[in-house]
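Please open the model in your viewer and keep the selection tool at hand. The stops below go from strand pairing to the packing of the interior.

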Amino acid sequence: MSERYSGFLAAAALALAVAATGCSDSRKPATSDQQPAAAATGGCYVQGDRSKLADRPSPLDSASVALAGGTITVCYGRPSARGRQIMGGLVPYGEPWRMGANEATTIHLPFAGQIAGVSVDSGWYSLYAVPQTDQWEIHVNAVPRRWGIPISDEVRAKDIGSGKVPAESLADSVEMLTITLDKTSPSAATMNVSWAGTRVAIPVTSTR
């Protein structure tokens, strides 16, 4: 088999593997720090038949960023505003919100660190928020493999801790919920959550 043909088969296999996730991320090109989201979604928890992901109105997506010690990954569903009032409407103030759609929003740290100031060991965690007009309370939960709602007393009993982050008003509305991970230092990143007219930046750091 020629080297050219072998290379063609390898590229085709990679393309099929990415397509099979049913997800894509065209928001920005991948850099050495920002990893392709489509490649990461294969590791995201899916409840039910993964082959049905393409039928969801709120698609599964992910974001990842490489820090010293490993790569942080976030998995989340992406609902759209569709003309609805989001903050203070579809997402009521003062009540727990899964910060996404479908399965719980999850984050994986390959090292011990902090999420919104909450100390965690390496591993997968779920996240949810309690939004207010000027700040969100970010809850880190020990159970990652679950549907995002209800956020019941039973679910909240598994919280590891919570931290508060300021909420920022956006000049331009974001139609589809978007989460990015942006490197701020070799050992730190921000998890930026943007939807409709609001954005929050959640610090994620390594303590290794």
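Begin by selecting strand E1 (residues 60-67) together with E2, which run antiparallel and are joined by 8 bridges; strands here are DSSP runs of at least two residues, numbered from the N terminus, and two strands pair if DSSP finds at least two bridges between them. This is a predicted model, in which local features need pLDDT of at least 70 and side-chain atom pairs count only at pLDDT 80 or more, while totals for chains, interfaces and linings use all residues. Residues are numbered from 1 along each chain as its sequence is written, and side-chain values use heavy atoms, with hydrogens and water left out.

Next, select the turn: E1 and E2 form a hairpin with 2 residues between them, and Gly69 in that turn has a positive phi of about 105°.

Now move to Thr73 in E2, which is the bridge partner of Ser64 and also stands opposite His108 in E3. E2 and strand E3 (residues 105-109) pair in the antiparallel sense over 3 bridges. Of the 8 residues in E2 (residues 70-77), 6 are buried, that is, under 20% relative accessible area with a 1.4 Å probe, protein chains only.

For the interior, select Met99, Ile107, Trp136, Met191 and Ile202, the residues with the most contacts inside the largest nonpolar core, which has 37 residues. Such a core is a set of buried Ala, Val, Leu, Ile, Met, Phe, Trp, Tyr and Cys residues joined through side-chain atoms within 4.5 Å. The largest share of this core, 8 residues, comes from E9. Finally, apart from this core, look for another of 5 residues, among them Cys44, Val46, Leu53 and Cys75.

Definitions and conventions:
Buried < 20%, exposed > 50% of the residue type's maximum accessible area, 1.4 Å probe, protein only. Helix = DSSP H or I, 4+ residues; strand = E, 2+ residues; numbered from the N terminus.
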